[in-house]
Amino acid sequence: MRADRIAALVMKGALALFIAVWVMVAVIVGAGAWRFVSANGLVGPLVSSRWSPLAAHYGILAFVVGSMAVTGLALVLAAPGVLALSVTGARILRGAPQRAFIQILTLFVAVPSVVYGWWGLSVAVPLIRRLTGTAGFGPLSAGIVLAVMIVPTFSIMALQTLRQVPSSLVEGSLGLGASEDQTLWHVILPASRAGLSQGFLVAVGRALGETIAVQMVIGGQSRVLSLLKPGATLTTQLLTDLALMPARTPGHDALDFMALWLMILMAVLVWLQSRVRGMSRG
Amino acid sequence: MAPDIEVDSLDVWYGQARALKEVTLHLGPGKVLALIGPSGCGKSTFLRVLNRMIDRAPQVRVKGAVRVGAFEVLAGDVDVTALRRTVGMVFQQPNPFPMTIFDNVAYGPRIAGLRQMAKLRQTVEDSLKKAALWDEVRGKLRRSAMSLSGGQQQRLCIARALAVNPQVLLLDEPTASLDPVSTAKIEELIVQFKTHYTMVIVTHNLQQAARVSDAVAFFEHGRLVEMGPTHDIFTAPRERRTEEFLTGRV
Amino acid sequence: MSSRRQFLHAMGVAGSGVLLGRWPAWAGGPEARYITIMGATSCISYVKAVLPEWERTHHGVKVAVTGGGSYAGLHALALAQADIAMADLAPPGSMAVPVRRYLLGRLPIVLAAWPHIGVDRLSWGQAGALLAGDIVNWRQVGGADVPVVTVSRPESSGAREVVQQRVLGTRRFSPDSIIQLSNGAVLRTVMETPGAVGYLEATAPMHRVRILSMGSRSFSPHAWRLWPLYAEPSLYVRVQAPKEVRNLAVFLQGRPKRQDFGIYFEQRPGQADAR
């Protein structure tokens, strides 16, 4: 009983600490963003892409668009790979090969993102350079790097979900004369929708929040969407300008404003996802 | 129109374990065969050979000859898709897909390529009527199949199987998870379906076998011990083992 | 209800824990036995290399070295979050705290280009036009027919500031420049990207890129005094800093080893006076 009480206390303490830290982050970011909005307005910075913080130009449009574009691109590029890997791992391989496959995927999840950035410099950038004749640095390369990065994470979550589809459903479909492929598309994937959208959110979160791997290949300029010329995302610009505008300098609030927009983008996604799931249930 | 079923020297191995040994039997068209026997005797294995669902088992080997109507079931070049459309299957646990009632029944026809909405609607309505579910779900076809009771779900699965116009129905303990009222409804259906469909039903419920079947096959340790008309088996079994099983002295 | 009280209690404890986590930053007054050095990344390797020597003779003093760039270092110094700032830049005029500067020497900055551009030498005007994006093909300066790709660093970089002031003047860096966060990343990008040109702190080995001559001058480590483009990495300390801190700054200013890290200085004795 005593051990139970202690365990409960530890759990509550951990939860409380988590909430406290989270609230503190929210307050710091929120306060900075509030100061920024009161000084610069809410809409102005959002519709301008003129970013020159030392000259007090704080247009973040290019970064918001950049974040969305790079993330969207990564998801589109990753989708076929995720589908192939998760279906292979969940429905084709069995026994020892399946376990090995999952272990290898897990290993890739644990690769630090700077390594993916390095891969991007060594492979993605030269590839884009050769294909397009540009310098190779830009959102397209960043999208490729992110795609490669989220494939293992997304695949492993998708794989676990697909594996949990009861075989009675699969046999129900096969028993009606459906092929394996038809069963996959019409029964297994729809039945896995909840888990898949969970994996999707994690993948989006990782892509949206990724900084260093993107920074290494995106080029770092405030430009509204050209896939092949240097661009930037909210996170990469945060990283770049943190050194320029340390805490308690005038421009620093702009960084809080950007961080807030990252949170807003993520919140919108969570909301969209809950709507999609609600609709499919109704 | 309902086909006959002929099985000759059927052997099935799972890896090293032999699940069926030299099973030979014949079932006339439109008849209902009940498979009885202790757990693990090979009844379900036998059933799953008839629509080649057995293929899904890892390391399985099947030998012998099985004919369902015109289908040489075990031939290498048999069209498994066509076979499975002809030989429908209903499982022990109701397994409706997590979609609407309508989509569940329409699944088979859609898979087969039917796209016209009017025809789909007609097929769904006919199938639900045949499965005696129509009155309970009309006007609720857009609801999730998961909102139905267990007995309703099982009848939905029967309707789903009927929607592809099968000629044979395989029923793997279809009432094992149902209450007595739902069980009675399913049994009623089976009796109604006689002569329209050739049926093979696995059951642990001997009264059920007696109520619905024309013939009974008793399996033990992978062997077909005895098969005969239902009345004969229950009143005058030829084999001692059959009698012991039927009287509970296993 | 008791569990809710427990929960609130735990919240309070956790909350104060989080707040207390910031305590050392406020408490790090002049008497602290901790010394924090912060700022330009170009100085970090050197400082870290010689620190153990100083720490051996100053028991009980812990020194932490972090990067963040020249701006961040100077800013932290002004806010008393750091005791010594490393900077390639002069402190901004807005800095209210009086500081003392300890010049470490010169950090030469060179223009580096992709090896196959077919050009060895640029005039200052050409260099500026290249970095500003006005010259778009190496052909325009007598080289190969390769488009120019400019590589630069963020605004917080001291090297960028030097190039901005000495080479570009009032012009701005090309908006198509690839921005890389570190000297090493610039080096790699210039090395691998056809037609690339950028500027490097002459610390790292620079083979596999072409170091361009400027006007009549060519960079050579032995004749560093003649090379016209350089930053002046320095340490900054608050005037009221405790003796230990000033002592450390003087120590760091006096180690000849910094030449190994690309910081060049006149090798004569007794030059440790602050400017």
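These are my notebook entries on a predicted model with chains A, B and C.

**Entry 1: who touches whom**

I started with the chains. Two pairs of chains are in contact, and chains A and C share the most contacts. Then I looked up chain B against chain C: they do not touch, and their nearest C-alpha atoms are 38 Å apart.

**Entry 2: chain A, overall**

I went through the secondary structure of chain A next. I found twelve helices and two strands. Reading from the N terminus, the order is α-α-β-β-α-α-α-α-α-α-α-α-α-α, with the two strands coming after the second helix. I also looked up the extent of the chain: its C-alpha atoms fill a box of roughly 70 × 65 × 35 Å along the principal axes.

**Entry 3: the two domains of chain A**

The domain assignment splits chain A into domain 1 (2–44) and domain 2 (52–281). I get 26 Å between their C-alpha centres. How many residues of each domain are in contact with the other? Ten from domain 1 of chain A and eight from domain 2 of chain A. Together the two domains bury about 830 Å², and carbon and sulfur atoms give 77% of that. I wanted to know which residues of domain 1 supply the area. A:Val29, A:Ala33 and A:Phe36 supply 56% of what domain 1 of chain A buries against domain 2, more than any other three residues.

**Entry 4: the two domains of chain C**

I then did the matching lookup for chain C. Here domain 1 is written in two pieces, 31–105 + 233–261, and domain 2 covers 107–230. The C-alpha centres of these domains are 29 Å apart. Domain 1 of chain C puts ten residues into the contact and domain 2 of chain C puts in nine. The buried area is about 700 Å², with carbon and sulfur atoms giving 56%. On the domain 1 side, C:Tyr71, C:Asp88 and C:Leu89 supply 45% of the area buried against domain 2 of chain C, again more than any other three residues.

**Entry 5: a helix pair in chain C**

Next I picked out helix H5 (residues 124–132) and helix H6 (residues 158–168) of chain C. Their axes come within 9 Å and cross at roughly 125°. Why call H5(C) oblique to H6(C)? Because an angle between 115 and 145 degrees is neither roughly perpendicular nor roughly antiparallel, the crossing at roughly 125° makes H5(C) oblique to H6(C). I noted the contact residues too: C:Trp124, C:Ala127, C:Gly128, C:Leu131 and C:Ala132 from H5(C), against C:Val163, C:Arg166, C:Val167 and C:Leu168 from H6(C). By type, I have seven nonpolar, one polar and one charged.

**Entry 6: A:Arg223**

Last, I looked at a single residue. Where does A:Arg223 sit? In the loop between helix H10 (212–218) and helix H11 (234–242) of chain A. Leaving out residues up to four places away in sequence, A:Arg223 touches A:Ala62, A:Lys229 and A:Pro230 in chain A, plus C:Pro175 and C:Asp176 in chain C. I checked the C:Pro175 contact further: the backbone oxygen of C:Pro175 is 3.5 Å from a polar atom of the A:Arg223 side chain. I also looked up A:Thr240, which is 17 residues from A:Arg223 in sequence and 15 Å from A:Arg223 in space, C-alpha to C-alpha.

Notes: Residues numbered from 1 in each chain as written. Chains lettered and ligands numbered in written order. Predicted model: local features only at pLDDT ≥ 70, side-chain atom pairs only at ≥ 80, totals over all residues. Heavy atoms only, no water. Axes fitted to C-alpha atoms, helices over the stretch in contact; angles between N-to-C directions. Helix = DSSP H or I, 4+ residues; strand = E, 2+ residues; numbered from the N terminus. Parallel < 35°, antiparallel > 145°, perpendicular 65-115°, else oblique. Contact = heavy atoms within 4.5 Å. Nonpolar A, V, L, I, M, F, W, Y, C, P; charged D, E, K, R; others polar. Polar contact = N/O pair within 3.5 Å; in protein donor to acceptor, adjacent residues only side chain to side chain. Domains from an automatic or database assignment. Buried area = accessible area lost by both parts, 1.4 Å probe.
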